[in-house]
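This report examines the aromatic contacts of one protein chain, followed by a single acidic position. The chain and its model are shown below.

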Amino acid sequence: MSFQLILASESPRRAALLAQAGIIPDTIRPAAIDESVAKGEQPRLHALRLATQKARNVQSDILSQKNGSKPAFILAADTVVALGRRILPKAADDDAVRACLTQLSGRRHQVITAVVLIAPDGKLRTRVALTRVSLLRLTAEQINDYVQSREGVGKAGGYAIQGRAEMLIKEISGSYSNVVGLPLALTTALLRGCGYGR
C-alpha cells in the first residue's frame with residue numbers, strides 16, 4: 001500500500017530540493033509555529049524542537065479533520081545558523097541581513113537542519129545534519145552589495161547559499177543541500193528506511 005507524503009513546510013526551497021531528488025509531496029501544509037528561541041536552548045535542540053512541533057501540528061490537524069483523512073508520511077524540517085552556541089535569526093530586513101553578515105565575516109559557522117518524519121503508523125523519527133561553512137572576510141562594499149540584492153531577507157543567518165552568497169563562501173564542509181534548507185541524502189535515506197515509495 002502506498003501512502004501520501006505531506007510536507008509540513010512553507011519553504012519553496014525544501015519543495016524544490018525534494019523535486020530535485022524525484023520526490024513530489026502530495027500536499028504542502030505549512031505549520032505556523034512560534035520560532036522563538038527558548039532561554040538557554042542549544043542550536044541542535046532548537047532545530048529539533050521546531051521541526052518536531054511542525055510535524056506534530058500537521059499531524060494534529062489531520063487527525064482532527066472529520067473527513068477521515070488517510071494516514072500519510074509527514075515530513076518537517078527546521079534549519080538553524082549558529083555561531084558557536086548563538087543562534088542567528090532569520091533576517092527580517094536589510095539591517096538584520098547586514099548584522100548577520102558582519103558577524104559571519106571571516107568566521108566559520110554551523111548550519112544545522114533537523115529533519116522529522118512521522119510515518120503512517122504514527123511513529124516519529126528524527127535526524128540532524130550539520131554543515132560547517134566559512135565566509136570570506138567581507139568588505140563593507142561586499143556586504144552592501146549583498147544587502148541590496150535582497151536575497152538574504154527571510155533567510156536563516158541572512159544569506160542564501162544557492163544565490164549570490166555563494167561568492168562569499170570560502171569553504172564548506174558537509175552537505176550543501178543542508179545549507180539550502182534540506183539535507184537530501186539524509187532525508188531520502190530516512191524516507192526509504194521508513195518505507196516511503198515502496
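## Phenylalanine 3 and its partner

In this predicted model, phenylalanine 3 has a relative accessible area of 28% and is therefore classed as partly exposed, a class that lies between the 20% and 50% limits. Phenylalanine 73, by contrast, is buried, at 2% relative accessibility.

Two aromatic pairs are counted in the model. In one of them, phenylalanine 3 and phenylalanine 73 meet edge-to-face, with 6.2 Å centre to centre and 80 degrees between the planes. Phenylalanine 3 precedes strand S1 (4-7), whereas phenylalanine 73 belongs to strand S3 (residues 72-83), so this pair ties together parts that are 70 residues apart in sequence.

## Phenylalanine 73 and tyrosine 196

Phenylalanine 73 also pairs with tyrosine 196, again edge-to-face, at 5.5 Å centre to centre and 85 degrees between the planes. This pair links distant parts of the chain, 123 residues apart: phenylalanine 73 in strand S3 and tyrosine 196 in the segment after helix H6 (184-193).

Tyrosine 196 has a relative accessibility of 17% and counts as buried because that value is under 20%. Together, Phe3, Phe73 and Tyr196 make up one aromatic cluster.

## Aspartate 95

Aspartate 95 is located in helix H3 (residues 94-104). Its relative accessible area is 58%, so aspartate 95 is exposed, the limit being over 50%.

Between the C-alpha atoms of aspartate 95 and glycine 158 the separation is 9.7 Å, although these residues are 63 residues apart along the chain.

Key: Residues are numbered from 1 along each chain as its sequence is written. This is a predicted model: local features need pLDDT of at least 70, side-chain atom pairs count only at pLDDT 80 or more; totals for chains, interfaces and linings use all residues. Side-chain values use heavy atoms; hydrogens and water are left out. Helices (H or I, at least four residues) and strands (E, at least two) are DSSP runs, numbered from the N terminus. Buried means under 20% relative accessible area, exposed over 50%, partly exposed in between (1.4 Å probe, protein chains only). Rings of Phe, Tyr and Trp (its six-membered ring) pair if their centres lie within 6.5 Å; planes under 30 degrees apart count as stacked, over 60 as edge-to-face and the rest as tilted.
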